[in-house]
Amino acid sequence: MRLRHDSEGLSGRKLKRLLHQLCERAQEDVLRISIHEESATHQLRLRVKKMMALLRLANPGIEKHTLQAMRQHLRAVKNACAGNREFVVQSRLVDKLTRRFHLAPKHRPQLIGQPLKAPPASDLHHQLYAVGQLIDSTCIQSLSEEQILEEHARCYRKGRQLMKQACETKDKRTLHRWRHRVKDLYFQSLVLSHLRGAERRIRRARRLGQILGRDQDLANLAAEPAFAVRRSPWLHVINEHRDHLRESYLALGHKLYAPPSTRFSGKLLHGA
């Protein structure tokens, strides 16, 4: 099977090097948390998401048990850094909705919970060190570009399937899963930017991920007991805003996933 002839391809060796670099940058982020907690934590979570997306490309070069261990370590880092995120995001979201919809301060519910302390740096370093060791133990460097592109096409196909499901339901779990696959497509497209149409995919996937993220934040807010009070203006405001976002993310989703999966895969592998 002949591959497209691009000026710069993504080899297994390069992919493994990228994973190592992300792991090293993540260790540097951990060192910065004590000084710049919010920005360093954000960057750390972002690098973890990038690594998880690239591990999907590297799937054929990793033993199943090794991949499971890597994901467990990365989730541990991401979850450890998520303590304050939800509280901060919800507080800012309430402020934004209050201003946008001119809600009186007396109608503003109080969020439950208090900001948490940053996770111990030693724990984060340990998890990331383990990830680095596991990356070393893999055969990712032996992957061909064709194998990597096949995994990219697989990610696209899964995202397209979830988009179709999202058209039929507002189920929070379905939208959450779709958002993760959209983010995977975004991060993978960044390292496969030499491919035809990648620039457009990057732009659309980034925007779609942001809109789906906003919808998820609103859904989480609506589930808070303080905002679910009967006859409260908040549920009406939240649902109205989510309906508007739904129009946006479905329209953009159809643009991002316009080519059928077989056609997308064919273009990647054959340049058809």
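**Figure 1. Salt bridges across the predicted model.** This predicted model holds ten salt bridges in total. Three of them are shown in the views that follow, beginning with a pair inside one helix and moving on to pairs that involve a loop. The background to each view is simple: side chains of opposite charge can pair when their charged atoms come close.

**Figure 2. Arg 32 and Asp 29, a pair within helix α1.** The side chains of Arg 32 and Asp 29 form a salt bridge, with 3.4 Å from N to O. Why can these two meet along the helix? Arg 32 and Asp 29 are three residues apart in α1, so about one helical turn separates them. An α-helix has 3.6 residues a turn, so residues three or four places apart point the same way. The two partners sit in contrasting surroundings: Asp 29 is buried, at 2% relative accessible area, whereas Arg 32 is partly exposed, at 31%. Look for Arg 47 as well, since Asp 29, Arg 32 and Arg 47 are linked in a network of salt bridges.

**Figure 3. Asp 243 and Lys 170, a pair between a helix and a loop.** Here the side chains of Asp 243 and Lys 170 meet in a salt bridge of 3.3 Å, N to O. Asp 243 belongs to helix α9, while Lys 170 lies in the loop between α6 (145-168) and α7 (172-191), so this pair ties together parts that are 73 residues apart in sequence. With a relative accessibility of 39%, Asp 243 counts as partly exposed.

**Figure 4. Arg 173 and Asp 171.** In this view, a salt bridge joins the side chains of Arg 173 and Asp 171 at 3.8 Å, N to O. Arg 173 is exposed, with a relative accessible area of 64%, and Asp 171 is partly exposed, at 26%.

**Figure 5. Lys 16, a buried charge without a salt bridge.** Lys 16 is part of helix α1, which covers residues 12-32. Which side chain of opposite charge is nearest to Lys 16? That is Asp 136, 5.3 Å away, and Lys 16 is buried with no salt bridge. What the side chain of Lys 16 does reach is the backbone oxygen of Thr 138, at 3.0 Å. Setting aside residues up to four places away in sequence, Lys 16 touches Ile 135, Asp 136, Thr 138, Ile 140 and Gln 141.

**Figure 6. Helix α9 and its buried residues.** Helix α9 runs over residues 233-256, and its end C-alpha atoms are 35 Å apart, in agreement with the 34 Å that its 24 residues should span at 1.5 Å a residue. Buried residues of α9 include Trp 234, Val 237, Ile 238, His 241, Arg 242 and Leu 245. Further along, Arg 246, Tyr 249, Leu 250, Leu 252, Gly 253 and Leu 256 are buried too.

**Figure 7. Leu 221 and Val 94.** Leu 221 sits in helix α8 (residues 198-223) and is buried, with a relative accessible area of 0%. Between Leu 221 and Val 94 there are 8.7 Å from C-alpha to C-alpha, although the two are 127 residues apart in sequence.

**Figure 8. The whole chain, for orientation.** The chain has ten helices and zero strands. Of its 272 residues, 46% are buried. Among contacts with a separation of 6 or more, 80% are between residues 24 or more positions apart. The average pLDDT is 88, and 88% of the residues score at least 70. Please read residues 1-7 with care: their pLDDT is below 50, although this stretch has 19 contacts in the model beyond near neighbours in sequence.

How values were computed. Residues are numbered from 1 along each chain as its sequence is written. Side-chain values use heavy atoms; hydrogens and water are left out. pLDDT is the predictor's confidence in each residue, from 0 to 100. Contact means heavy atoms within 4.5 Å. Helices (H or I, at least four residues) and strands (E, at least two) are DSSP runs, numbered from the N terminus. Buried means under 20% relative accessible area, exposed over 50%, partly exposed in between (1.4 Å probe, protein chains only). Lys and Arg count as positive and Asp and Glu as negative; His and the chain ends are not counted. A salt bridge is a side-chain nitrogen of Lys or Arg within 4 Å of a carboxyl oxygen of Asp or Glu. A polar contact is a pair of N or O atoms within 3.5 Å; within protein, one must be able to donate a hydrogen and the other to accept it, and residues adjacent in sequence count only if both atoms are side-chain atoms. The expected span of a helix is 1.5 Å times one less than its number of residues.
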